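The following note is offered to a colleague who has the coordinates open. The points are numbered so that each may be checked in turn.

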Amino acid sequence: MSFPHFSHHHPTKRVIVQKTARYWRRTCAWILAPVLIGLAGVGMAESSNYAFDLNQWIVNHVPWAALFYMPAGFALIAWISRRFFPGTQGSGIPQTIAVIDDPDHTKKSNLLSIKILFGKIAMLLGGLTIGASIGREGPTVQVGASIMHAFYGYGTLKTAEQRRTLALAGGAAGIAAAFNTPLAGIMFAMEELTKKYVFKAHSSTLLTVILSGLVSIACVGNYTYFGKTDATMTLLGNVPAVLVCGIAGGLIGGLFSRIVQIISVTPPEKVKRVVRSHPVLFAAACGLIVAILGLMTDGLVYGTSYQPTRMTLESDTNVLVWFYGIAKFIATLVSTLSGIPGGLFAPTLSVGAGIGDNIFALFPGLAPHGAVIILVMAAYLSGVTRSPLTSFIITMEMTGSSHMLFSLMTAALLASYVSKFVSPVPLYHALAKNFEYPEPKKSGSAPS
């Protein structure tokens, strides 16, 4: 007996394979890439911890050696990044913004690529090993965006808008994977990466952030990077504390942003001759400054300064040397100016903790010690980046301080407003000008 209608009503195996292949080409970027970003974030976190442990071993056994290996290390990393991995310098967030802001559909690999990914990770670990005052969150943003960007041009992902969406989702997922802060990742995408283009909460973008965060949590558990504090305060009951912390964070954060922009984006002619004509020697000088500051603080300013930040956050009184905040500010500033690959978020939060320690010493009755520390951390990060919502959310998630939500939000918003008077242009978008692409010639449409 024959069944003549069977082949018409049931797809053949070949048709099923073809449909599956087409579906996979359309969706693999939003399924496979987030998993890879989450694994990359975990891998960078674990390897960064090993690099920091190695640095601490060196500091504990031969502290004075930093005067020799740090200038040499800064110079070597600066030379390698410029010679073999151009596009890896600095945070990585300005590069990601430059790619997102590029209106052209053409795929470019000078700022986001697999080569950039490996170079960024290698240079970051080298910088943390020698003790540069850098963090891993900016590099994780560039790494995440590079992974997503690698899928551009395949399947139906061939338009400029789709390229922007990929880079945006990858950068946001990088923040989520770096510190187990998924809310901060989403807010970072909305607030920092899309100042030129309206953010559209695509389900694919949100899925990327969520999947990356889930992979990170599955690998290392749900943790708060800087620990927790039991200190609490209400917004209405502690208005003076919010005002003092918000204004101080905004002024000092704006000063940091302004100095970086003056030297890196619009330098005076004399500064340009020194910094741009002799970048390797300039990086060596920056390394020497960090080494001296490290000797003055027993190594507390090296790396992300995770330990002193957690120590002062969980304490009820001052535990750091009085000049720690100033020393960490300078160490982070020169590490940033040196051009070596490395992020700003964790070192910046650590500077905020040091400044908060100073404010508590000056006004001991202002608010509980831990509350002042958290407020200034959020305010200073907001002052540096001019991204208040990202700043208070990432501070809240990294310290488990959701009970201070409204106080943190108010301090961060105030700091961003104050910072605008000191540094009118947001830091990352000013730095993105060093990487921006020229307007494309209007000679055709996007390829199909």
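1. The largest cavity. The model under review is predicted. About 30 Å³ of space lies in its largest cavity, and a search of the whole structure finds one cavity of 30 Å³ or more. Which residues line the largest cavity? The lining consists of Val-99, Asp-102, Thr-106, Lys-108, His-149, Arg-163 and Tyr-437.

2. A salt bridge in the cavity lining. Asp-102 and Lys-108, both named among the lining residues of the largest cavity, are joined through their side chains by a salt bridge, with an N to O distance of 2.6 Å. Asp-102 has a relative accessible area of 3% and is therefore buried. Lys-108, at 23% relative accessibility, counts as partly exposed, since the partly exposed class begins where the buried class, under 20%, ends.

3. The network around Lys-108. The side chain of Lys-108 also meets that of Asp-104 in a salt bridge, at 3.4 Å from N to O. Is Asp-104 buried or exposed? With 14% relative accessibility, Asp-104 counts as buried. Asp-102, Asp-104 and Lys-108 are thus described as linked in a network of salt bridges.

4. The remaining salt bridge. How many salt bridges does the structure hold? The structure holds three. Apart from the network just described, Glu-314 forms a salt bridge with Arg-310, and the closest N and O atoms of this pair are 3.3 Å apart. Glu-314 counts as partly exposed at 42% relative accessibility, and Arg-310 likewise counts as partly exposed at 27%.

5. His-105 and Arg-163. His-105 is placed in the loop between helix 4 (93–101) and helix 5 (114–130). Its relative accessible area of 23% makes His-105 partly exposed. In sequence, His-105 and Arg-163 are 58 residues apart, yet their C-alpha atoms are 7.3 Å apart in space. Arg-163 has already appeared in the lining of the largest cavity, and the reader may wish to view this pair together with point 1.

6. The largest pocket. The largest pocket holds about 690 Å³ of space. It is lined by 33 residues, of which Gln-89, Ser-264, Leu-337, Gly-339 and Asn-434 are the closest to its centre. Which helices each supply at least two residues of this lining? They are helix 3 (66–83), helix 4, helix 10 (239–264), helix 11 (269–277), helix 12 (279–296), helix 14 (324–337) and helix 19 (427–432).

7. The loop between helix 12 and helix 13. Two residues here merit inspection of the backbone. Asp-298 lies in the loop between helix 12 and helix 13 (306–313), and its phi is near 55 degrees, a positive value in a residue other than glycine. Ser-305 lies in the loop between helix 12 and helix 13, and the phi of Ser-305 is near 60 degrees, again a positive value in a residue other than glycine. As to accessibility, Asp-298 is exposed, with a relative accessible area of 68%, whereas Ser-305, at 1% relative accessibility, counts as buried.

8. A nonpolar surface patch. Leu-32, Val-35, Leu-36 and Leu-39 make a nonpolar patch of about 290 Å² on the surface. Leu-39 is found in helix 2 (residues 13–61). The relative accessible area of Leu-39 is 42%, so this residue is classed as partly exposed. A residue must have over 30% relative accessible area to belong to a patch, and Leu-39 exceeds that value at 42%.

9. Cysteines. How many disulfides does a search of the whole structure find? The search finds zero. A disulfide is a covalent bond between the sulfur atoms of two cysteines. Cys-245 is buried, with a relative accessible area of 0%, and Cys-286 also counts as buried, at 2% relative accessibility.

Note on methods
Residues numbered from 1 in each chain as written. Predicted model: local features only at pLDDT ≥ 70, side-chain atom pairs only at ≥ 80, totals over all residues. Heavy atoms only, no water. Disulfide = S-S within 2.5 Å. Buried < 20%, exposed > 50% of the residue type's maximum accessible area, 1.4 Å probe, protein only. Patch = residues over 30% accessible without salt bridge, like charges linked within 9 Å, V, L, I, M, F, W, Y side chains within 5 Å. Areas by Shrake-Rupley, 256 points an atom, 1.4 Å probe, with all protein chains shown as cover. Salt bridge = Lys/Arg side-chain N within 4 Å of Asp/Glu carboxyl O. Helix = DSSP H or I, 4+ residues; strand = E, 2+ residues; numbered from the N terminus. 1 Å grid on protein atoms, 1.4 Å probe; cavity = no way out; pocket = protein on both sides within 12 Å on 5 of 7 lines; lining within 4 Å. Points joined across faces, edges and corners; volume = space filled by probe spheres on them.
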